[in-house]
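User: Please take a close look at a single part of this model and describe it in connected prose.

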Amino acid sequence: MKSIDERTIFVINYIDKITGYCPDGMYSQDTAELVTIIQKIIENISENNRLIMVSLRDTMVPVEYYTNSPRVAVMEIPLPDKTERHLYYSTSLSLNNVQSDQIDLLSNITEGLYMKDLENILSDVLAEIDENGELSSSTLKKIVNRYRIGTEEDPWSRIPLIGPPKGLIDSAENWFLERVIGQDHAVREIVNAIKKARAGVVGLASGGQSKPKAAFFFAGPTGVGKTFLAKKLAEYLFDTEEAFLRFDMSEFKEEHTVSKLIGSPPGYIGYDEGGQLTKAIKNRPFSVILFDEIEKAHPKILDIFLQILDDGRLTDSRGQTVFFTESVIIFTSNIGTRTVDSRGNPVSEQNELDDIINDRSLSESERDRRVREHFTRAVREFFTHEISRRELLNRIGSHIIAFNYLDKANFQRGIIQSKLEDLSDNFRDKFSNKGYRLNFQEEVVDYFLKKHADSISEFGGRGLVNALEDEVGHILADQLLFAEDKGLRDIEFSVYVNGGAIECRRS
């Protein structure tokens, strides 16, 4: 094709598409001939010439090209780093009077993008300047998000700053406290983190602005509202609890289960389905993601979390990158209440906690403080000594949030009222086509407080849900079946206490 005396660089693009890798070496006749020809070219190319084969994925290049061949070097081309991105953008944008701080911002928020994306972003930025004569930081972020997550939408910018009910500066804390009972400390931590994310100061100290908006570790006993607060955070940020994603990490105890999160490798069962986590974030980049009982996950899963918290992105088994830059990451755990650690060794976490709770010499505020310190210390010891993953602990930083026990009467009363209201709302929604309504008399709250205070103290709101299912469910069922049999509509069902027992009547 070329004289051996000429100095030529010959490039074959998409070599992995032209001669795709075949694991068993059983190529079709045409492909086998082409592979052989390219092998001969590689071995016989003259010193004056170079052959460059470009592949999207090195794992899909036939191994025959480079195995036992000293003439071939396999080189991975990394994504453009910050210095390269800054040089690329400053070269073009400085000629268009774009401010240096905007070039810096663009260089920061394009981390993890391919060169082609950078070219498209530059083209869109120049078009924006030509059309409007100026460029704002919010416009820059929208343009980048177009290529990073596939949308210009930015729910974070829509969070109101002042005014009820959700004003971040003056109303957000009350919005959460009206819904989450007994966890004032956790609410304050959450709101402060939202403020930093909304103000755009996340990642400033480290120089990377492609991290998730926030990362938390919720620690505390079962049933005290860890998952509930995460759901309410999704509702506050994105106006719907559907933006809440939960992954039960007890399902990821084995090393091979990493494929459930990022997808199976090519050729394996489930490859076409993709990963549960990567697919979910690609479909809904604005999410609150909860990883429940993180201590039960295999160590290889923790490597994935390290990448998410560090880079704000994750590459799935198909080689596609998904971004977590607009999401909130939450880990939850019962660390601090265990009697056995992850290695099966006995630990005294529960005994130490019981000593604090049962110490009558402590004031309520002092006891709450010591309980929070206990859980925070247990989490730090877990990462530092038990699994030796201090680097993951460092990524979470100071956002280890310990939840209080719900053993105060006013907390328990608030939880009971909240659960009864939820039950009434759910009942109305389910039977709206029949006009059914449900209300609870005031004495019902006192009934459940007296009968189930210990259960709420030990199991939190979850214990109360079970009690409601058991005691209210069957008397409602009798009334609903009677109403169905008689064809009754537009009925109000009222639950009340009679002679120390729960009863229900129709009106």
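In which loop does Pro-221 lie? Please also describe the open sheet of three strands.

Analyst: This is a predicted model, in which local features need pLDDT of at least 70 and side-chain atom pairs count only at pLDDT 80 or more, while totals for chains, interfaces and linings use all residues. Residues are numbered from 1 along each chain as its sequence is written, and side-chain values use heavy atoms, with hydrogens and water left out.

Pro-221 lies in the loop between strand 3 (214-219) and helix 9 (226-238); helices (H or I, at least four residues) and strands (E, at least two) are DSSP runs, numbered from the N terminus. Pro-221 counts as buried because its relative accessibility is 4%, buried meaning under 20% relative accessible area, exposed over 50% and partly exposed in between (1.4 Å probe, protein chains only). Beyond its neighbours within four places in sequence, Pro-221 is in contact with Lys-226, Asn-334, Thr-337, Phe-375, Phe-403 and Tyr-405, where contact means heavy atoms within 4.5 Å. From Pro-221 to Asp-429 the C-alpha to C-alpha separation is 32 Å, with their positions 208 residues apart in sequence.

The open sheet has three strands in the order 10-11-12, with mixed pairing; two strands pair if DSSP finds at least two bridges between them. Strand 10 (437-440) and strand 12 (501-506) are the edge strands, each pairing on one side only. Strand 11 (residues 492-498) runs antiparallel to strand 12 and is joined to it by six bridges. Asn-498 has Ala-501 in strand 12 as its bridge partner.
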